[in-house]
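Visitor: I would like a close look at one part of this model, the sheet of chain A and what packs around it. Please take it step by step and then place it in its surroundings.

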Amino acid sequence: MIRHSVMVGWADGPLKRYVDDARLQFTVLMHRSGQVLAQHGFQSRMDVQTACALSAAINATADSLGTMIDGAPFRGLHYAGAARQMHLAQLHVGDGVLLLLSVFDRESSLGIVQLYLDELHAALAASAPADEDAPPALAEDFERDLNTNLAALFGKR
Amino acid sequence: MSLVNYATREITCKIVYYGPGRSGKTTNLHYIYGQVPGDRKGQMVSLATQTDRTLFFDFLPIDLGTISGFTTRFQLYTVPGQVYYQTTRKLVLQGADGVVFVADSQARQLDENIESFQDLHANLAEQGVDARQMPLVIQYNKTDLPPEIITPMAELDEVLNFRNVPSFPADALHGPGVFETLRGISEQVLRRLSTGERR
């Protein structure tokens, strides 16, 4: 059976504090598969999804490459661009591993980000809900909405 | 793993287009990208080689609109089909909510289809996923080619579709079958969310 993860904003508070404390431009918390859990700073939801897909790919690649050439996955990736820097971290929360992409400019630094990352990690670990069953999300007659929406997307009506 | 946000009433699902090299996975996404209005899709990201073969994955986020009161978004991925990108395929398959297997209908590609289908099942098993429980549809692409060089759909079904999942003939380059395939996998994936099944 397929699990669906229930999000009720448990990460929003800790993430907001992290953005303020570490003076970030934007940040996004995601599953290792690239699914968005929470974000601050992105204007477009589509941009968030793309950022997550690429971050998950970077993480997976670094895991495999590190294991191959150094015997252990590379962790805590950091890249300094001309105007912005990004930091990609793995956070062990509950039973799983989440990824956190942090983007900052000259208002912050790698040291500050790492400092507040530890606090964020602890806050997330404390607030993460236990994995439990949730009620069905969709009504049984969801097909009508699905068919109507897909037809509209493809210009079939 | 579908993500459901009951507070904001949002659902996000990951769909992976899987199949042998040059079967038309990326072409499916290109066609969808071309059809979906700009405000309902994100940027299509293609990590490809200089010859446009998929190196890592293609990615296209689309907004399906409101379904049963939930804003529903699908993240469409393709895997690289070439045999030597095995590691990459495993990475992209992680967390998939549904799989579209894009088979190449050309008769000379039959062995590649079988090998890729077996590869899919092996990779799911390696990730602890019971392939029988994974929403799956099969698309037989390139059915527009001359009949003498393609394998009839009934024969392909006999070889590949032992689970009797929904299967669709398609010409992804020009569009026929792409919509039906996406609707097929969408129904299967979302049905899980209407019955509250868990892994």
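Guide: What follows starts with the sheet of chain A, moves to the helices on it, and ends with the contact to chain B. The model is a predicted one.

Chain A contains four helices and six strands. Read from the N terminus, its elements follow the pattern β-α-β-β-α-β-β-β-α-α. Its C-alpha atoms fit a box of roughly 50 × 35 × 35 Å along the principal axes.

Five strands of chain A form an open sheet, in the order E3-E2-E6-E5-E4 and with antiparallel pairing. Strand E3 (36-40) and strand E4 (77-80) of chain A have a single partner strand each and stand at the edges, so one side of each has no neighbour in the sheet. From one strand to the next, the twist averages 15 degrees. Within this order, E2 and E6 of chain A are neighbours. Strand E2 covers residues 26-31 of chain A and strand E6 covers residues 96-104 of chain A; the two run antiparallel and are joined by six bridges. In this pairing, Val28(A) has Leu101(A) of E6(A) opposite.

Next come the helices that lie against these strands. Helix H1 of chain A, residues 12-22, lies across E2, E3 and E6 of chain A, and its direction is at about 40 degrees to E3(A). Helix H2 of chain A, residues 45-70, also packs on the sheet, where it touches E2, E3, E4, strand E5 (85-93) and E6 of chain A. The direction of H2(A) makes about 65 degrees with that of E2(A).

H1(A) also has a helix partner. Two packed helices are described by the angle between their axes and the distance between the axes. The axes of H1(A) and helix H3 of chain A, residues 110-127, come within 9 Å and cross at roughly 170 degrees. Angles over 145 degrees count as roughly antiparallel, and H1(A) and H3(A) are therefore roughly antiparallel to each other. The crossing of H1(A) with H3(A) is right-handed. On the H1(A) side the contact involves Pro14(A), Tyr18(A), Asp21(A) and Ala22(A). These meet Ile112(A), Val113(A), Tyr116(A), Leu120(A), Ala123(A), Leu124(A) and Ser127(A) in H3(A). Sorted by class, the contact of H1(A) with H3(A) has nine nonpolar residues, one polar and one charged.

The surroundings include a second chain. Chain B has five helices and eight strands, and its C-alpha trace spans about 55 × 35 × 30 Å along its principal axes. For 199 residues, a compact globule would have a radius of gyration near 16 Å, and the 16 Å of chain B agrees with that.

The contact between the chains takes 41 residues from chain A and 48 residues from chain B. On the side of chain A that touches chain B, strand E1 (4-7), H2 and helix H4 (142-153) of chain A each supply at least two residues. H2(A), the helix that packs on the sheet, gives the largest share of that side, nine residues. By class, the side of chain A that touches chain B holds 22 nonpolar, twelve polar and seven charged residues.

One helix pair spans the two chains. The axes of H4(A) and helix H5 of chain B, residues 178-195, come within 10 Å and cross at roughly 150 degrees, which makes H4(A) roughly antiparallel to H5(B). The crossing of H4(A) and H5(B) is right-handed. H4(A) contributes Phe142(A), Glu143(A), Leu146(A), Asn147(A) and Leu150(A) to this contact. From H5(B) come Phe179(B), Leu182(B), Arg183(B), Ser186(B), Glu187(B), Leu190(B) and Ser194(B). The residues of the contact of H4(A) with H5(B) divide into six nonpolar, three polar and three charged.

Terms used. Residues numbered from 1 in each chain as written. Chains lettered and ligands numbered in written order. Predicted model: local features only at pLDDT ≥ 70, side-chain atom pairs only at ≥ 80, totals over all residues. Pairing = 2+ DSSP bridges. Axes fitted to C-alpha atoms, helices over the stretch in contact; angles between N-to-C directions. Contact = placed C-beta atoms within 7 Å. Nonpolar A, V, L, I, M, F, W, Y, C, P; charged D, E, K, R; others polar. Parallel < 35°, antiparallel > 145°, perpendicular 65-115°, else oblique. Left-handed = near helix turned anticlockwise from the far one by under 90°. Rg over C-alpha atoms; globule rule 2.2 N^0.38 Å.
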